[in-house]
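Welcome! Here is a short guided tour for someone meeting this structure for the first time. Take a look at the picture, and then read on.

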Number of protein chains: 4
Amino acid sequence: MFEKADVLLPKCWPVIRVDGRGFHRFSDSHGFKKPNDDRSLHLMTKAASKVMEDLKDVVLAYGQSDEYSFVLNRNTTLYNRRESKIVSTITSLFTSCFAFHWSEFFPTTPLQYPPAFDGRAVLYPTKRILRDYLCWRQADCHINNLYNTVFWALVQDAGMNKNDAQKRLKDTNAGGKNEILFSQFGVNYNTLPQLYRKGTVIIRPPPREPAPSGGAVERGDRDGTDEKVPVLLTLNEDIIRDNFWVSYPHVLEGEDE
Amino acid sequence: MFEKADVLLPKCWPVIRVDGRGFHRFSDSHGFKKPNDDRSLHLMTKAASKVMEDLKDVVLAYGQSDEYSFVLNRNTTLYNRRESKIVSTITSLFTSCFAFHWSEFFPTTPLQYPPAFDGRAVLYPTKRILRDYLCWRQADCHINNLYNTVFWALVQDAGMNKNDAQKRLKDTNAGGKNEILFSQFGVNYNTLPQLYRKGTVIIRPPPREPAPSGGAVERGDRDGTDEKVPVLLTLNEDIIRDNFWVSYPHVLEGEDE
Amino acid sequence: MFEKADVLLPKCWPVIRVDGRGFHRFSDSHGFKKPNDDRSLHLMTKAASKVMEDLKDVVLAYGQSDEYSFVLNRNTTLYNRRESKIVSTITSLFTSCFAFHWSEFFPTTPLQYPPAFDGRAVLYPTKRILRDYLCWRQADCHINNLYNTVFWALVQDAGMNKNDAQKRLKDTNAGGKNEILFSQFGVNYNTLPQLYRKGTVIIRPPPREPAPSGGAVERGDRDGTDEKVPVLLTLNEDIIRDNFWVSYPHVLEGEDE
Amino acid sequence: MFEKADVLLPKCWPVIRVDGRGFHRFSDSHGFKKPNDDRSLHLMTKAASKVMEDLKDVVLAYGQSDEYSFVLNRNTTLYNRRESKIVSTITSLFTSCFAFHWSEFFPTTPLQYPPAFDGRAVLYPTKRILRDYLCWRQADCHINNLYNTVFWALVQDAGMNKNDAQKRLKDTNAGGKNEILFSQFGVNYNTLPQLYRKGTVIIRPPPREPAPSGGAVERGDRDGTDEKVPVLLTLNEDIIRDNFWVSYPHVLEGEDE
């Protein structure tokens, strides 16, 4: 009786985002490589994949750094759309998978203490606004990664201390950072792995019959257990431009009615 | 902008309850002893203690079976009282501690798959209503434990199959169940461990100076790391009657204003 | 601090519906004609028009019987989209206009006691669902009006008492009711005024330049004060079929993004 | 389905406050006397009384200027505690009574246009916090009335223009304002009518048997229709200090449980 009703508005797309709690300290305690630690990124994606395997109404997950966003079908009836139940279950499941699969990705680094995540729900009324949200997260990935890439090059390769590196980058725009990378470190930012620059998007494969867009589907990295029927597609592609959505129209299928 | 404001009403006592997700299957998969598995109960309490050590505004935790309730101080400003953040963090942290400490309590039983919990927040405006909630959970513990104790005695000791045991207990009241236990199995229910009959309550020790109620404090089981300053008191006492609250007045200190 | 945040989800269409409180008694006390009282229906529409003149973000109002629904622009920032403020202001304003203009429509019937309305907000994420809502209200108008028309014909013209009339109509479908009207009272339901059968929809006139759909706009009843620039169009048309929406595309302008 | 559940948290005291919409303009249009117009204040109280006569779960109403707060019994089940329904109905009813009774208080001033109010709900978990709210409103009454009394004395009696009067009062504290009133206008603020300085509180009379606090009850102004059983007590007393609450213990009866 003292529990508030918290049903998510029907027809809107629910997005649940989980974020690492105190991951600055956590990454230090576990010797994460900077600016990107492949083990951690792949563990995050493993945990997210397990969430998607368990909860069939998640149509897409997008992750970068220590965060993952789960997009549920706009018509989902999962837990009768009760917000607390959905948010807490996804956050708990993600956390649990992260801890459970830790040693697969960090075989020589024992977990020092229990990692935690927080979660929140956001509701998007239309596909366009949902896509705006995903664009925002991928743009955020790019901005942070560019900054971190230059910052750690200055610190690790040029021997600058962190304060000086920070000052050096203050008031530098994207072009300036690319320039530093290229001129000072010989790095072309655009050739760095898409995993770092684009983050990771997980979707379900298109339905088999009939083949969508009349051709073979490029499936990218696979995260399935069965060669022939991958459970999930794990991609490091641009999701800002239309191309991704044209290639995988089944993900957000159905018109804005 | 699309995220709903969800600040918990000021001055009310927030209670966050976490519940095992699919724990029937989970307990089967991990060979839990019936009707009570000490290892699981102690692991639950370990995880709850870790939550309390981390989040200082939790003033009391009560657990039984696969659930734990965390009572926050009515004046807490944790995460600015944002419901999603509080619920998801506590649920995530509890889950993570459960997974992290698993092997301490189940040294010979590897975790088969990641356990998950859901969480929810409930708000109680006054101490009396908060205590009613805790009474309800402890009464629920008693009712379920009595049923399970007789049920599994019939199955394990009397060789009944589960369906027959269920039928035997249908329409039996508490007295009837006690009678079966005593006459058929020689068990006096009231002598079974309080851990099973009362569940577990975790509180912080009373402040040292001056000693509350003018005397030595009985501390029950301790869960602290320092012999002299226990961080937490772990008790298996009745919290329905006034006695507990008279003994530990600091737990819900302050008047209903 | 103790006031809940209640911002309406952005981009969704807010609909505020006001309903007469105890209007069965109110209509009896004021001698409303049955099944429809033109004075009351026109007073309702007058009050709704005044609400629309005052609050520019109301793009459409639909009324029937003792209810009126106000559709706000999906992008409205009225009162920063605070639900309580929007609902209470519209309900108050509607009530006040109803009382204020009473004597214009009921010149010989003094107001016996203060009329009241309740109000509520509903949020629709897409145009399609918003139109479904409006269809539902217009279908409701038709169903109730058909029932009431036959019921009062039986009572007023055939001299049946109300209980018998109710029994006569129980389990009668739409066709049956039309049949009674035609065979027993010589009334063709479809020739009754659209005001009764369709309710009333109020919109703003299409923008002048360029003329929408390339021609003169049929304006129906006018509720404006200036012959040349009507402030509002008051219509008794079908809003279930596409025709209305094709004729007045400006009302819900903008794509579902 | 698209309507949000909005049940008020049980056991908390709901307070609904209605506020005049654009009453600066409204008071100008209707020639309200400054700083206080008795007709308007009495009309507000008439409307509030009618709300209390209609809705029995309102235990107290407090009004000043163009606002009125309605305190509902903490255990009220009015409209199943649905917030929108309660707020909109009280706001509508208040507005309607204000318009309906207008001519009784303004016999020579016709209503120029329909007045409107907005409404909001606030929830208070304990009596103490509820009383803090009422203290705040009465303190607000005092502060505004003191300011307005001096301001209009400067304008009306000393012939100052409004800008100069405003500047004169800027940075003046309560003592300074009292001093101006006394030295310049010979007015002792504390002898002005309590109606202006304290606002108006409306309660129900104490239950007849047994007489509360063992004596005759001073009833102040009466608003009842029956001399012997007044329906409501209308008072202009201090509600900040304990005295009022000691005299009328039945108003907020029942312990904070």
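Let us begin in chain A, where Asp19 is found in strand β1, which covers residues 13-20. Please keep in mind that this is a predicted model.

Is A:Asp19 buried or exposed? The relative accessible area of A:Asp19 is 14%, and because buried means under 20%, A:Asp19 counts as buried. Leaving out residues up to four places away in sequence, A:Asp19 touches A:Asp66, A:Glu67, A:Ala116, A:Phe117, A:Asp118 and A:Arg120. There is also a polar contact of 3.2 Å between the side chains of A:Asp19 and A:Arg17.

Now for a partner of this residue. A:Asp66 sits in the loop of chain A between β2 (58-64) and β3 (67-72). Apart from neighbours within four places in sequence, A:Asp66 has contacts with A:Val18, A:Asp19, A:Gly20, A:Phe23, A:Met44 and A:Phe117.

What does UniProt say about A:Asp19 and A:Asp66? An unreviewed UniProt entry gives both positions the feature "binding site". They are spread over 48 residues of sequence, yet they cluster in space, with a largest C-alpha distance of 5.9 Å. UniProt, again in an unreviewed entry, also lists A:Gly20 along with A:Asp19 and A:Asp66 under "binding site".

Next, let us move to chain C and its helix α7. This helix runs over residues 174-185, twelve residues in all, and spans 16 Å from its first C-alpha to its last, close to the 16 Å expected at 1.5 Å a residue. Which residues of α7(C) are buried? They are C:Lys177, C:Ile180 and C:Leu181. Seen down the helix axis, these buried residues of α7(C) fall within an arc of 95°, so they line one face of the helix. In general, an α-helix has 3.6 residues a turn, so residues three or four places apart point the same way. The buried residues of α7(C) are covered by parts of chain C that include α5 (127-157) and α6 (162-169). On the face turned away from the buried side, α7(C) carries the exposed residues C:Phe182 and C:Ser183.

The two ends of this helix each have a detail to look for:

| Place | Residue | Value |
|---|---|---|
| Start of α7(C) | C:Asn173, side-chain oxygen to backbone nitrogen of C:Gly175 | within 3.2 Å |
| Just after α7(C) | C:Gly186, positive phi | about 65° |

Finally, step back to whole chains. How is chain B superposed on chain A? A rotation of 180° with 0.0 Å of shift along its axis does it, with an RMSD of 0.0 Å. The two copies are thus related as by a two-fold rotation axis. Of the interface residues of chain B, 100% are also interface residues in chain A, so the copies meet through the same surface.

Definitions and conventions
Residues numbered from 1 in each chain as written. Chains lettered and ligands numbered in written order. Predicted model: local features only at pLDDT ≥ 70, side-chain atom pairs only at ≥ 80, totals over all residues. Heavy atoms only, no water. Helix = DSSP H or I, 4+ residues; strand = E, 2+ residues; numbered from the N terminus. Expected span 1.5 Å × (residues − 1). Buried < 20%, exposed > 50% of the residue type's maximum accessible area, 1.4 Å probe, protein only. Arc of directions from axis to C-beta. Contact = heavy atoms within 4.5 Å. Polar contact = N/O pair within 3.5 Å; in protein donor to acceptor, adjacent residues only side chain to side chain. UniProt positions renumbered as here; feature names shortened; annotations may be inferred. Least-squares fit on C-alpha atoms with pLDDT ≥ 70 in both.
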